[in-house]
Amino acid sequence: MFPNLEAEMARSKITRAKLAEILGITPTTLSLKMSGKGTLSLKECVAIKKNVFPDKTLDYLFETEADQES
C-alpha cells in the first residue's frame, strides 16, 4: 500500500515489529493498516516521519500505488 515507506524501512532495516513498538500498537494492527485493511491516522503518519524518517516528507513516505499511477 505504501511502497516508499516499505522501501525506506528495508533500507534502514526497520521491521514492522519495531515500527509498531514505536507507535505503541501491535505488529498485527500495523500490518493491517499498511496493507490497506485499516487506516493509518495522521498522528501515526507524523510519528513515523518524526521518529524514524525525519529527512523524508509525509507525501513521499505515504504515497500509495494509486498515487504513483496518476
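Hi everyone, let me start with a helix pair: helix H2, residues 16–23, packs against helix H3, residues 27–34, at an angle of about 100°, and their axes are 8 Å apart. That angle falls between 65 and 115 degrees, so H2 and H3 are roughly perpendicular to each other. Please keep in mind throughout that this is a predicted model.

Which residues make that contact? On the H2 side we have Arg-16, Ala-17, Leu-19, Ala-20 and Leu-23, and they meet Pro-27, Leu-30, Ser-31 and Met-34 in H3. Sorted by character, the residues of this contact come out as 7 nonpolar, 1 polar and 1 charged.

While we are on H2, let me point out Glu-21, which also sits in that helix. Glu-21 is exposed, at 56% relative accessibility. From its C-alpha to that of Phe-2 the distance is 19 Å, and the two residues are 19 positions apart in sequence.

Now let's step back to the whole chain. The protein has 6 helices and 0 strands, so to speak a plain list to remember: from the N terminus, the order reads α-α-α-α-α-α. The radius of gyration is 11 Å, close to the 11 Å that the globule rule gives for 70 residues, so the protein is as compact as a globular protein of that length. If you like to think in boxes, the C-alpha atoms fill one of roughly 35 × 25 × 20 Å along the principal axes. How much of the protein is buried? Of its 70 residues, 29% count as buried. And if you take the contacts with a separation of 6 or more, 58% of them are between residues 24 or more positions apart.

Phe-2, which I mentioned a moment ago, brings me to the aromatics. How many aromatic pairs does a search of the whole structure find? The search gives 1. The partners are Phe-2 and Phe-62, with ring centres 5.6 Å apart and planes at 80°, so the pair is edge-to-face. Phe-2 belongs to the segment before helix H1 (3–12), whereas Phe-62 is in the loop between helix H5 (58–61) and helix H6 (65–69), which makes this a link between distant parts of the chain, 60 residues apart. Are these two residues buried or exposed? Both Phe-2 and Phe-62 are buried.

Let me move on to helix H1, where we find Glu-8. Here is one for the group: is Glu-8 buried or exposed? Its relative accessibility is 7%, below the 20% cut-off, so Glu-8 counts as buried. What does Glu-8 touch? Setting aside residues up to four places away in sequence, Glu-8 touches Phe-53, Lys-56, Tyr-60 and Leu-61.

Just past H1 comes Lys-13, in the loop between H1 and H2. Do have a look at its backbone: phi of Lys-13 is near 60°, which is a positive value in a residue other than glycine. Lys-13 is exposed, too, with a relative accessible area of 73%.

There is another loop lysine to show you. Lys-37 lies between H3 and helix H4 (42–51), and at 70% relative accessibility Lys-37 counts as exposed. Lys-37 and Met-1 are 36 residues apart along the chain, and their C-alpha atoms are separated by 9.7 Å.

My last stop is Gln-68, in helix H6. Gln-68 is partly exposed, with a relative accessible area of 40%. Which residues is Gln-68 in contact with, leaving aside its neighbours within four places in sequence? They are Pro-3, Asn-4 and Glu-63. Gln-68 and Leu-32 are 36 residues apart in sequence, and their C-alpha atoms are 21 Å apart in space.

To wrap up, the items I would like you to take away are the roughly perpendicular H2 and H3, the edge-to-face pair of Phe-2 and Phe-62, and the buried Glu-8 in H1. Thanks for listening!

How values were computed: Residues are numbered from 1 along each chain as its sequence is written. This is a predicted model: local features need pLDDT of at least 70, side-chain atom pairs count only at pLDDT 80 or more; totals for chains, interfaces and linings use all residues. Side-chain values use heavy atoms; hydrogens and water are left out. Axes are lines fitted to C-alpha atoms, for helices over the stretch in contact, and angles run from 0 to 180 degrees between N-to-C directions. Helices (H or I, at least four residues) and strands (E, at least two) are DSSP runs, numbered from the N terminus. Angles under 35 degrees count as roughly parallel, over 145 as roughly antiparallel, 65 to 115 as roughly perpendicular and the rest as oblique. Contact means heavy atoms within 4.5 Å. Ala, Val, Leu, Ile, Met, Phe, Trp, Tyr, Cys and Pro count as nonpolar, Asp, Glu, Lys and Arg as charged, and the others, Gly among them, as polar. Rings of Phe, Tyr and Trp (its six-membered ring) pair if their centres lie within 6.5 Å; planes under 30 degrees apart count as stacked, over 60 as edge-to-face and the rest as tilted. Buried means under 20% relative accessible area, exposed over 50%, partly exposed in between (1.4 Å probe, protein chains only). The radius of gyration is taken over C-alpha atoms; the globule rule is 2.2 Å times the number of residues to the power 0.38.
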